[in-house]
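This report goes through one structure by region, starting with a pair of strands and ending with the chain as a whole.

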Amino acid sequence: SEVKYYHQNIWTRLTDAQKGKISIFNENFFVSLNNVILVYAIEAEGEKIATGQIALNKFNIAPQKSKVISIPEYVKVLKDERCLGKEIVLNVSYQLTTDEPLLDKGHELAHQQFVLNGYTFPYLGFDSAETAVKTEDHAKYLVLSANGMDVTISKITGLVTYIDMDGKALLEEGYTLKPDFWRAATDNDFGANLQTKLAAWHNPEMELKSFKQLSNNSVEAVLYIGATESILTLTYSLREDGQLLVEQDLKVNPNATERPNLLRYGVELQMLKEFDTIEFYGKGPYENYSDRNNADNLGIYVQKISNQYYPYIRPQESGNKTQVRYWKVLNSAGKGLEFYSNVPMECSTLNYLTSDLYPSDKKCQLHSGDLTPRDFVSVHISQRQMGLGCIDSWGSWTAKEHQLPYQDYNFKFVIKPIK
């Protein structure tokens with residue numbers, strides 16, 4: 001979809017965001033746009049507020065020429081009460097009005113999206129004295145409970161080992177809410193030997209240095225990652241309504257000799273198999289990455305987890321979504337967990353663990369058809385993931401702006417129960 005997007009021959013510029021004027025450029029060299037119709041939609045956080053069509057034949061946009069046109073009722077639509085305080089986007093799609101050789105009437109020739117009003121990310125500060133939160137302090141673990149949510153935190157590892165909602169376990173037995181710095185190496189990663197150069201971040205040993213309860217609803221665990229000479233502080237705060245705020249703060253050694261980049265910064269968790277659906281507000285519908293997401297539009301998407309993995313010939317990283325405002329993992333009854341942050345996230349949920357897609361630091365000749373889906377779902381909630389690169393597959397790194405350099409990071413996100 002990304003290649004198709006950049007090969008399209010119709011391009012749009014938003015020339016006046018207040019009045020709804022757009023400039024349409026016909027990049028073709030020999031044909032006009034007289035057989036094309038513009039289909040537009042104005043959406044407020046996934047809700048369609050207005051849609052319409054504009055036949056371009058009356059504008060006679062010649063090859064290599066531009067014309068400025070206006071979106072009908074644009075100003076009135078933006079004043080609609082459904083738009084107030086929300087992120088608003090304008091989607092434009094250019095479609096054929098007649099059958100053409102190899103292309104049918106209605107075929108989309110080009111599309112673009114414009115953000116008219118940005119998203120307001122929530123403030124994530126929680127009250128430090130949530131009196132309705134109960135604490136059970138045991139020798140090897142501590143449990144925070146509120147509004148039917150029970151969060152169990154290990155005093156041995158500093159990690160969340162159980163999340164229960166109304167007495168029902170949501171996490172797969174034996175797995176934890178685990179810090180995540182890695183991804184299954186792509187062909188480009190192997191080509192640049194990143195699986196070796198950055199290996200310090202692959203399942204590093206994390207030694208618990210301290211574990212303390214900050215208040216009746218908040219716990220702090222400090223872990224040392226020797227392989228990268230860094231300190232990771234995890235803070236868990238449970239609110240009276242059952243929402244869990246997680247803060248993951250990484251401090252690296254500014255004087256370290258070895259300074260490997262990260263492939264991802266976030267967490268992973270494994271949920272029960274019954275949670276087989278994702279609903280998210282972000283870039284979609286296809287998998288996308290920070291340097292490969294222009295073809296995808298912001299919107300609300302509902303998808304099956306079984307369809308998230310793209311069957312590349314050789315198993316590798318797959319299924320990521322960028323610019324995520326919220327990410328829900330749900331069962332058939334619409335129950336599950338929602339994840340949101342105060343910044344755009346990158347998320348994915350697959351039927352495979354990273355180790356299934358990356359069994360070795362050697363380029364194994366395994367095929368996607370050889371994979372067996374797990375009997376649970378693996379959820380990745382990340383602040384960022386390194387881009388794909390795609391400059392070449394034999395040595396080039398991803399552009400610097402899409403890398404995660406060896407530096408301090410701080411990521412806050414909320415796990416919200418959906419009942």
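## Strand 19 and its partners

In this predicted model, glutamate 279 has valine 302 in strand 20 as its bridge partner. Strand 20 covers residues 297-304 and is joined to strand 19 by eight bridges, with the two strands running antiparallel. Strand 19 also pairs with strand 21 (residues 321-330), again antiparallel, through five bridges. Here the bridge partner of tyrosine 281 is tyrosine 326 in strand 21.

Strand 19 is mostly covered, with eight of its eight residues buried. Tyrosine 281 has a relative accessible area of 3%, so with the cut-off for burial at under 20% it counts as buried.

## Aromatic contacts around tyrosine 281

There are 18 aromatic pairs in the structure. One of them joins tyrosine 119 and tyrosine 281: the ring centres are 5.8 Å apart and the planes meet at 70°, so the pair is classed as edge-to-face. This pair links distant parts of the chain, since tyrosine 119 lies in the loop between strand 7 (108-117) and strand 8 (134-137), while tyrosine 281 belongs to strand 19 (residues 277-284), 162 residues apart.

Tyr119 and Tyr281 belong to one aromatic cluster together with Phe121 and Tyr326. A charged side chain is also placed here: arginine 325 lies over the face of tyrosine 281, at 5.9 Å from the ring centre.

## Strand 3 and its neighbours

Strand 3 (residues 36-44) has eight of its nine residues buried, so it is largely enclosed by the rest of the structure. Strand 6 (residues 88-96) runs antiparallel to strand 3 and is joined to it by nine bridges. Within that pairing, valine 36 stands opposite leucine 96.

Strand 3 pairs with strand 4 (residues 47-55) as well, in the antiparallel sense and over eight bridges. Tyrosine 40 stands opposite glycine 52 of strand 4. The two strands, 3 and 4, make a hairpin with two residues between them, and glutamate 45 in the turn has a positive phi of about 50°.

## An open sheet of five strands

Strands pair in a sheet through backbone hydrogen bonds, in a parallel or antiparallel sense. One open sheet is formed by five strands in the order 8-9-10-11-12, with antiparallel pairing. Strand 8 and strand 12 (168-169) are its edge strands, each pairing on one side only.

Inside this sheet order, strand 9 (residues 141-146) and strand 10 (residues 149-154) pair antiparallel over six bridges. Valine 143 stands opposite threonine 152 of strand 10.

## Nonpolar cores

Nonpolar side chains tend to be buried together in soluble globular proteins. The largest nonpolar core has 72 residues, and those with the most contacts inside it are Trp327, Val329, Phe339 and Ile381. Leaving out residues up to four places away in sequence, isoleucine 381 touches Gly266, Val267, Trp327, Phe339, Met345, Glu346, Cys347, Phe411 and Phe413. A second, separate core has 25 residues, among them Ile10, Ile24, Leu38 and Val77.

## Two buried polar residues

Serine 348 is in strand 22 (residues 336-350). Its relative accessibility is 1%, and serine 348 counts as buried. Beyond its neighbours within four places in sequence, serine 348 is in contact with Arg264, Ser318, Gly319, Asn320, Trp327, Ser378, Val379 and His380. From serine 348 to isoleucine 71 there are 277 residues in sequence and 35 Å in space, C-alpha to C-alpha.

Threonine 233 is in strand 16 (residues 230-238). At 18% relative accessibility threonine 233 counts as buried, because the cut-off is under 20%. Not counting neighbours within four places in sequence, threonine 233 is in contact with Glu220, Ala221, Val222, Glu247, Gln248 and Asp249.

## The chain as a whole

The chain has five helices and 24 strands. Of its 419 residues, 52% count as buried. Among contacts with a separation of 6 or more, residues 24 or more positions apart account for 65%.

The C-alpha atoms fill a box of roughly 75 × 50 × 40 Å along the principal axes. The radius of gyration is 24 Å, which agrees with the value near 22 Å for a compact globule with 419 residues.

Methods:
Residues are numbered from 1 along each chain as its sequence is written. This is a predicted model: local features need pLDDT of at least 70, side-chain atom pairs count only at pLDDT 80 or more; totals for chains, interfaces and linings use all residues. Side-chain values use heavy atoms; hydrogens and water are left out. Rings of Phe, Tyr and Trp (its six-membered ring) pair if their centres lie within 6.5 Å; planes under 30 degrees apart count as stacked, over 60 as edge-to-face and the rest as tilted. Buried means under 20% relative accessible area, exposed over 50%, partly exposed in between (1.4 Å probe, protein chains only). A charge sits over a ring if NZ of Lys or CZ of Arg is within 6 Å of the ring centre and within 35 degrees of the ring normal. Two strands pair if DSSP finds at least two bridges between them. A nonpolar core is a set of buried Ala, Val, Leu, Ile, Met, Phe, Trp, Tyr and Cys residues joined through side-chain atoms within 4.5 Å. Contact means heavy atoms within 4.5 Å. The radius of gyration is taken over C-alpha atoms; the globule rule is 2.2 Å times the number of residues to the power 0.38.
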